[in-house]
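Let's take a walk through a protein model together, one stop at a time. Keep the 3D view open and turn it as you read.

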Amino acid sequence: MIDMKTMTGPVLLSACFFLTITSAAVAQQTAVTANPPIPPVAVTVSDQVWVEGRQMGKNSFKEEDLKSKEISKEVALPKDGEIYIENASRSIVVKTWDQPKVKVSTTIYYDGESKLSDDEWLEKANLSLRTLGNSVKIKSGTISGAAYRVYSSGAMTFYSSGPGNGVTVFNGSGQNIGTKSGAKTVVTVTIPAGSKIELESKYADVTLPANIGEANIELANGNLEAENLNKLILRSKYSNVTVGDVKNAEIEFTNGRFSARNITDLDIDSKYSTIEMASVNKLAIRSTNDEYELEEADEVRGRKSYGNLRITKLNRSIDVEGSNADIKIRKTAPTLSLIKIDDKYADIRIPLKDTKNYSVDFTGSFSSVYGNFEKKAVAVAPDKEEPKATTEKNAELKAITVIGRATAPRLSGGWNDENNPSKFTASVGDGKGLKVEVKCQNCTVDLK
């Protein structure tokens, strides 16, 4: 034991310092012992609970004891009337029949006994069907007091809700008392064949049958599956869409995948998506950073920036401008009449080895062009005004046509190298068949 009374001067100061450090170390060790690190805990999931202004607790029912009931409502569709559907978080399945009426139906789950009518149940389920003027309006929304699922990890607790958590369960009075797991809410809408439908849906899947006159759809964070349609107007974000045969389509598509069988006439504006089609007759595109895969196309025109455009068979024409967009055509038909591309920083591949009669007009500095033809270099005029003497000399050079190896002095942008003039013409056969017009800077162009 240290006798503090016998210590003076430096010895006393050293002892005090020693005691201070020791006390701090002991305190730190005590704190570590009292609050040991929390080991990683696996996330666990509890039963459903209420949280909207109610005391949280486990489901008070047993799923095996639940009862189910199909509820429905019908209204007459006015002559030449349209159908409007507004939906959130519920799967929508549209069907057709030969009656001039619109029907809405769904299945509800409840615990105990109930004497509520279908109209009362529809109100409790936040599902409405009504006629307004010359149209029928359907509204399907989330249910008040929706049950939440509780996630816990250590001392942290998380809550989540949504269509993936199951189907809402009611008591006999129509109050929300929890959620039935392993199921989802489906609303079925039955409409007269040939009707025009306008649908806005988010966080849900939509299924459309054939025999719809026109479908105008706005979709977000969901999936659409549709059969053959006469006309499709689609605005989609963060969704996947699969359709059958469509006669006319106008599409705005962002962040998703669009797949179709055959489309007669398609006008599409897409971004950051994958677009797939078995065949399209007329295609007008405005594309940014997309992947296009077309098995067969007759006419393709528009703008393509970044991404890829791949066509297995091109029948009539392509007229596309853009930048950083790779274009690859695997096979050209004898009926092909025009290839017109204005691109840069791209890889272009169009096989013309089986084409016996065509002409080529190419412009593009710093590019490599490959083909089964002889290039006829064309001198390029300077971009800026030059002194008179130089201008007169260039006028003489413009008249020079060089066949094969370059022999004329280089003008502004005139040559990439001796085998790849930045502007040239070429022809195969009599040159009166297919026209190939390509402008592409910093590109690789393969026309073999």
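A good place to begin is strand S5, because S5 gives the most to the lining of the largest cavity, with four residues. Keep in mind as you look around that this is a predicted model. The cavity itself has a volume of about 80 Å³, and a search of the whole structure turns up two cavities of 30 Å³ or more. Which residues line the largest cavity? They are Arg-90, Thr-106, Thr-107, Ile-108, Tyr-109, Ala-125, Ile-143, Val-167, Thr-168, Phe-170 and Thr-185. The elements that give two or more residues to this lining are S5 and S10.

Now let's see who sits beside S5. Strand S2, residues 67-76, runs antiparallel to S5, residues 101-111, and ten bridges join the two. One spot to find is Glu-74, whose bridge partner in S5 is Lys-103. Lys-103 also has a bridge partner in S12, namely Thr-190. S12 covers residues 186-192, and its pairing with S5 is antiparallel too, over three bridges.

What about S10, the other strand we met at the cavity? S10 spans residues 167-171 and runs parallel to S5, with three bridges between them. Here you can look for Tyr-109, which stands opposite Val-169 in S10. Tyr-109 is also one of the residues lining the largest cavity. While you're looking at strands, here's a handy rule: in a regular strand, side chains alternate between the two faces of the sheet.

Next, follow the chain to Ser-140, which lies in strand S7, residues 135-140. Is Ser-140 buried or exposed? Its relative accessibility is 3%, so Ser-140 counts as buried, given that the cut-off for buried is under 20%. Its side chain has polar company: there's a polar contact with the side chain of Asn-87 at 3.1 Å, and a polar contact of 3.1 Å with the side chain of Arg-90. Arg-90 should ring a bell, as it is among the residues lining the largest cavity. Leaving aside neighbours within four places in sequence, Ser-140 is in contact with Glu-86, Asn-87, Ala-88, Arg-90, Asn-126, Leu-127 and Val-187. You can also check how the fold brings distant parts of the chain together: Ser-140 and Ser-91 are 49 residues apart along the chain, and their C-alpha atoms are separated by 9.8 Å.

Another serine is worth a stop. Ser-239 sits in the loop between strand S17 (229-237) and strand S18 (240-243). With a relative accessible area of 2%, Ser-239 is buried. Its side chain reaches the backbone oxygen of Lys-237 at 2.9 Å. Not counting residues up to four places away in sequence, Ser-239 touches Leu-219, Ala-220, Asn-221, Gly-222, Phe-253, Asn-255, Gly-256 and Arg-257.

Let's finish with the nonpolar side of things. The largest nonpolar core has 85 residues, and those with the most contacts inside it are Val-102, Phe-258, Leu-294, Val-300 and Ile-318. Which strand provides the largest share of this core? That's S21, residues 274-323, with 14 residues. Zoom in on Ile-318 to see what surrounds it: not counting residues up to four places away in sequence, Ile-318 touches Val-300, Leu-309, Ile-311, Ile-327, Ile-329, Leu-338, Ile-339 and Lys-340. Val-300, one of those neighbours, is also on the list of residues with the most contacts inside the core.

Conventions. Residues numbered from 1 in each chain as written. Predicted model: local features only at pLDDT ≥ 70, side-chain atom pairs only at ≥ 80, totals over all residues. Heavy atoms only, no water. Buried < 20%, exposed > 50% of the residue type's maximum accessible area, 1.4 Å probe, protein only. Polar contact = N/O pair within 3.5 Å; in protein donor to acceptor, adjacent residues only side chain to side chain. Contact = heavy atoms within 4.5 Å. Core = buried A, V, L, I, M, F, W, Y, C linked by side-chain atoms within 4.5 Å. Pairing = 2+ DSSP bridges. 1 Å grid on protein atoms, 1.4 Å probe; cavity = no way out; pocket = protein on both sides within 12 Å on 5 of 7 lines; lining within 4 Å. Points joined across faces, edges and corners; volume = space filled by probe spheres on them.
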